[in-house]
Amino acid sequence: MKGQIILITGASSGIGRETAYRLAKAEAKLILTYNRGKARGEAALKQCRKLGAADTLLLQLDVMDNDAIAEAAREVKKKFGAIDFLLNNAGVGVFIPFGKQTLKDIERQIKTNFEGLIKVTRAFLPTVKKGIVNIASAAGQEAYANMSVYCGTKFGVRGFTQTIALEYPRLKICCVNPDETATRLSGFQGRPPAEVAEVIFRVVSGQVPCSGGNDVNVWEVI
Ligand SMILES: NC(=O)c1ccc[n+]([C@@H]2O[C@H](COP(=O)([O-])OP(=O)(O)OC[C@H]3O[C@@H](n4cnc5c(N)ncnc54)[C@H](OP(=O)(O)O)[C@@H]3O)[C@@H](O)[C@H]2O)c1
């Protein structure tokens with residue numbers, strides 16, 4: 001992975017941050033994005049540089065903001081020309097009964113997990129050389145109570161991924177589906193995020209197949 005240029009959205013925390021560390025150890029060149037967690041993003045950047053990713057760049061990116069996505073794509077193109085992999089990881093979950101979800105809860109999940117992922121993909125596709133890995137979920141394959149909107153977005157991510165894989169057969173395009181992982185999103189319940197990061201690393205480095213929009217289920221790899 002040495003010298004490969006990889007962009008990770010939502011790299012200031014959880015799975016995205018651990019994936020950045022795993023790739024940094026393999027001396028990839030990283031572009032990390034954070035949204036609200038500037039200090040966490042800066043700490044992740046510092047740690048990546050320490051681990052071996054000397055050329056790491058940190059960007060603020062709210063994937064709900066059309067202008068910010070366009071600006072990030074322009075900046076990355078200017079600085080790097082092209083990227084090898086796009087890892088669409090940024091996501092949020094509101095895990096309460098459907099009837100209790102506010103319009104804001106619903107919009108935030110759809111706009112971040114689904115609409116944002118699609119728009120980031122659209123903006124970066126012309127500069128992606130090798131592939132796109134979308135972080136969906138076990139909740140994108142099976143229904144879970146109190147996760148209605150979240151499940152909807154993740155089922156959608158899988159459908160979108162399978163479809164763009166048909167349209168861009170030259171690229172490696174797939175979903176990595178974590179099950180419950182101990183991050184802020186899950187209330188720190190579940191498997192260590194480093195295990196999910198290891199699976200993503202194996203996908204990006206070609207040790208686990210990624211093509212045609214296939215599902216890579218973390219629990220089947222680790
Ligand atoms: N944890 C689990 O059990 C689990 C299971 C299956 C799938 N997943 C998926 O794994 C991915 C990573 O989640 P995580 O568990 O690592 O959660 P996390 O620790 O809460 O990290 C979420 C990341 O997404 C970023 N983010 C949130 N809203 C954003 C927005 N509007 N624009 C840009 N970035 C935004 C956050 O940035 P800031 O903190 O800087 O705002 C943070 O870096 C998500 O897609 C999630 O759905 C998680």
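**Close-up views of the ligand site and an aromatic pair**

**View 1. Polar backbone atoms beside the ligand.** A polar backbone atom of Val63 lies 2.9 Å from a nitrogen atom of the ligand. The model shown is predicted. Oxygen atoms of the ligand also have backbone partners: a backbone N or O atom of Asn89 is 2.8 Å from an oxygen atom of the ligand, and for Gly10 the distance from a backbone N or O atom to a ligand oxygen atom is 3.1 Å. On its own the ligand has 910 Å² of accessible area, of which the protein covers 96%.

**View 2. The ligand in its pocket.** The largest pocket is where the ligand sits. Two or more residues of the shell around the ligand come from each of the elements α1 (14–25) and α5 (148–167). In total, 33 residues surround the ligand. Ser12, Ser13, Asn89, Tyr150 and Thr183 are the closest. Sorted by class, the shell comprises 13 nonpolar, 13 polar and seven charged residues.

**View 3. The aromatic pair Phe95 and Tyr150.** One aromatic pair is present in the structure. The ring centres of Phe95 and Tyr150 are 5.0 Å apart and the ring planes stand at 90°, so the pair is edge-to-face; the cut-off for this class is over 60 degrees. Phe95 belongs to the loop between β4 (83–88) and α4 (103–124), whereas Tyr150 belongs to helix α5. With their positions 55 residues apart in the numbering, the two link distant parts of the chain. Tyr150 is also listed among the closest residues to the ligand.

Definitions and conventions: Residues are numbered from 1 along each chain as its sequence is written. This is a predicted model: local features need pLDDT of at least 70, side-chain atom pairs count only at pLDDT 80 or more; totals for chains, interfaces and linings use all residues. Side-chain values use heavy atoms; hydrogens and water are left out. A residue is near a molecule or strand if one of its heavy atoms lies within 4 Å of it. A polar contact is a pair of N or O atoms within 3.5 Å; within protein, one must be able to donate a hydrogen and the other to accept it, and residues adjacent in sequence count only if both atoms are side-chain atoms. Accessible areas come from the Shrake-Rupley method with a 1.4 Å probe; for residues, only the protein chains shown count as cover. On a 1 Å grid over the protein atoms alone, a cavity is a set of points where a 1.4 Å probe fits but cannot get out, and a pocket is an open set with protein on both sides within 12 Å along at least five of seven lines; lining residues have an atom within 4 Å of a point. A molecule sits in a cavity or pocket if more than half of its atoms lie within 2 Å of its grid points. Helices (H or I, at least four residues) and strands (E, at least two) are DSSP runs, numbered from the N terminus. Ala, Val, Leu, Ile, Met, Phe, Trp, Tyr, Cys and Pro count as nonpolar, Asp, Glu, Lys and Arg as charged, and the others, Gly among them, as polar. Rings of Phe, Tyr and Trp (its six-membered ring) pair if their centres lie within 6.5 Å; planes under 30 degrees apart count as stacked, over 60 as edge-to-face and the rest as tilted.
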